[in-house]
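Here are some worked exercises to try with the model open beside you. Have a go at each task before reading its solution.

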Amino acid sequence: MSSFSRQLKLSSSLIKRLQHRATAAAAAGERSFTTTEGHRPTIVHKQGLDILHDPWFNKGTAFSMTERDRLDLRGLLPPNVMSSDQQIERFMADLKRLEVNARDGPSDPNALAMWRILNRLHDRNETMYYKVLIAKIAEYAPIVYTPTVGLVCQNYSGLFRRPRGMYFSAADRGEMMSMVYNWPADQVDMIVVTDGSRILGLGDLGIQGIGIAIGKLDLYVAAAGMNPQRVLPVMIDVGTNNEKLLKNPLYLGLQEHRLDGEEYVEVVDEFMEAVFTRWPNVIVQFEDFQSKWAFKLLQRYRNIYRMFNDDVQGTAGVAIAGLLGAVRAQGKPLIDFPKMKIVVAGAGSAGIGVLNAARKTMARMLGNNEYAFESARSQFWVVDAKGLITEERENIDPDALPFARKVKEIGRQGLMEGASLEEVVRQVKPDVLLGLSAVGGLFSKEVLEALKCSTSTRPAIFAMSNPTKNAECTPEEAFSVLGENIIFASGSPFKDVDLGNGHIGHCNQGNNMYLFPGIGLGTLLSGSRIISDGMLQAAAECLAEYMTEEEVLKGIIFPPISRIRDITKEVAAAVIKEAIEEDLAEGYREMDARELQKLNQEEIETYVQNNMWSPEYPTLVYKKD
Ligand SMILES: NC(=O)c1ccc[n+]([C@@H]2O[C@H](COP(=O)([O-])OP(=O)(O)OC[C@H]3O[C@@H](n4cnc5c(N)ncnc54)[C@H](O)[C@@H]3O)[C@@H](O)[C@H]2O)c1
Ligand SMILES: O=C(O)C[C@H](O)C(=O)O
Ligand SMILES: [Mg+2]
């Protein structure tokens, strides 16, 4: 156990290391946890144009002459055979041209145009698409993922060309169990499903929300090395309450108001039953469901299906890692975390998820008993659209109730029910101001000025709402009001700030993308039937631990996105270790539960690494059906 884990008082005997295991097993050749699919030819049952139109097999101009003969492709392609590197070079030149040509630099229409070009590549050649994405993840994640994916969802009815993923609608009730067989893949490892009801901070986008499921799965492939032939984006279309979409003749979804209550649950139940019947080993990530349903569905399914909610659980883990980073950045020991005063703006699925996880982490550090849990509660002040939440709040949301401040207590602090964010910050003088409100600019100049009273030596600001225009403040705003001695993180990417004195104000991206790919991959490779709190906690700790002391002291508390494949590998390994520890790991393919238990830390990482898909063209051979 690392000293880091010890400080957190975590599950103790996590790994029984069998040091001699790797060499002995390799020498005996008794098993292989290295999958060597790489050089075997892939059998195809298609020829000619059918192959060129099939993104799973298409190589475009990279088909060799012998392959062109074998697969009846002669004459269907320009004669010059290109290497995959040449293909990428040509493609990138095209993309760059667009950037150079844009008169006023990168802008929304420009980002959308880049998305279109990448999407077309995705349609015609998946291998090349993911090669580009992995090689240039820092450049293109903001296009295929947050923030541009938000714009894509808003415009999806216009952008839609070739369908991607599956749509289950309220009109399909009773049919889902058979419909699910229309998907061509016999194996699906990962589903990201949304009902489009709360896409980023953009509200109800109905069926257009499928874009977010596609974007998340792009990261599953690029960061976690999930095989793109085994991922499935899903939209559950139960209608929309977005009046504009209801009236838009070009809208692609059901033009009726959202189902609610039992009827809604029945649709989601039927979908879950259908996908787990066809693919019993699939993992389902719930994404961007409105808070009203996010918690209920999570509670309903998490003990019977392999599923998690990214907005509630992934975000919580990323925030915990960030909060622990903020403690370290002050040069304090982690055990000081329970002393932090934290103001959270936003009490939706993300805010409440963070609050619950932060409270549990503090309680664990304080002795993990009821008293510790109760006393941790008093470290949080929660402000929502109606102001500070106290026990006096009428019709209080049951999920927010545990964080409602006691009236007496806040009276002493000079606060009252519904107090404004600015007042709360001024009176509480918090160490951390964390926004998951979806309200752009909420951390106004006045709020940031109030934070100057913070009792912390290095206050932290987490403006976590997405996309960019919904961020509670920009890093420029934060650094210009509060000076350089702060920690800053945002949900969407911003550039670092030049502070003008030769110093840089670091802008961290605090986004659940640093956890969900590793949670999914670790769950898959462990073979755990559920995703436990312990597995999620292990993922969060791994992320927190990833940054070095030196980086953290510089204010860098999250890794740059260029390291996302590496951090994902580590997170997946941490999740597997925890699943083994909790006796949940049932194994994956040739790696059964007993074999898994024999792996030491290094072997688990090798096992993960060897099961991460990389975009390389396989040699194709034709075989008649
Ligand atoms: N960075 C990340 O990884 C990450 C992860 C999940 C969600 N998010 C973002 O968090 C935001 C919220 O997501 P959610 O699912 O919790 O949404 P939600 O709609 O369920 O919750 C929003 C909350 O903000 C509150 N709010 C609204 N106006 C406010 C105001 N003026 N002051 C204070 N609070 C206010 C609402 O009352 C509500 O409690 C979205 O923008 C989403 O993109 C970011
Ligand atoms: O999608 C993201 O970028 C993060 C998060 O899941 C969100 O809903 O904002
Ligand atoms: Mg989300």
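**Exercise 1. Are Glu287 and Asp288 buried or exposed, and which donors hold the magnesium ion (ligand 3)?**

Step 1. Start with burial: buried means under 20% relative accessible area, exposed over 50%, and partly exposed in between, using a 1.4 Å probe and protein chains only. Glu287 and Asp288 are both buried.

Step 2. Now look for donors, which are N, O and S atoms within 2.8 Å of the metal (3.2 Å for Na, K and Ca); water is not among the atoms, so sites may look incomplete. The protein supplies Glu287 through OE, and Asp288 and Asp311 through OD, at 2.0 to 2.1 Å from the magnesium ion (ligand 3).

Step 3. Read the donors along the chain: their spacing is E-D-x22-D.

A word on the source: this is a predicted model, in which local features need pLDDT of at least 70 and side-chain atom pairs count only at pLDDT 80 or more, while totals for chains, interfaces and linings use all residues. Residues are numbered from 1 along each chain as its sequence is written, chains are lettered from A and ligands numbered from 1 in the order in which they are written, and side-chain values use heavy atoms, with hydrogens and water left out.

**Exercise 2. Describe how helix α7 packs with helix α12.**

Step 1. Find the helices: helices (H or I, at least four residues) and strands (E, at least two) are DSSP runs, numbered from the N terminus. Helix α7 covers residues 126–135 and helix α12 covers residues 210–222.

Step 2. Two packed helices are described by the angle between their axes and the distance between the axes. Axes are lines fitted to C-alpha atoms, for helices over the stretch in contact, and angles run from 0 to 180 degrees between N-to-C directions. For α7 and α12 the angle is about 80° and the axes are 10 Å apart. That makes α7 roughly perpendicular to α12, a label for angles of 65 to 115 degrees (under 35 is roughly parallel, over 145 roughly antiparallel, and the rest oblique).

Step 3. List the contacts, meaning heavy atoms within 4.5 Å. From α7 come Tyr129, Tyr130, Leu133 and Ile134, and they meet Asp218, Val221 and Ala222 of α12.

**Exercise 3. Where is Asp189 found, and which residues does Asp189 touch?**

Step 1. Asp189 sits in the loop between α11 (176–179) and β3 (190–194).

Step 2. Its relative accessibility is 4%, so Asp189 counts as buried.

Step 3. Leaving out residues up to four places away in sequence, Asp189 touches Met226, Arg230, Asn281, Val282, Ile283, Leu524 and Tyr588.

**Exercise 4. Which residues does a cis peptide bond join at Pro467, and which at Pro147?**

Step 1. The bond from Thr146 to Pro147 is cis, with omega near 10°; Pro147 is in the loop between α8 (137–144) and α9 (148–154).

Step 2. Asn466 and Pro467 are joined by a cis peptide bond with omega about -10°. Pro467 belongs to the loop between β11 (460–463) and α22 (475–482).

**Exercise 5. What is the phi of Ala438, and what is the phi of Arg589?**

Step 1. Ala438 is not a glycine, yet its phi is positive, about 65°. This residue lies in the loop between β10 (432–435) and α21 (445–451) and is partly exposed at 34% relative accessibility.

Step 2. Arg589, also not a glycine, has a positive phi of about 50°. Arg589 is in the loop between β16 (587–588) and β17 (591–592), and is partly exposed with a relative accessible area of 42%.
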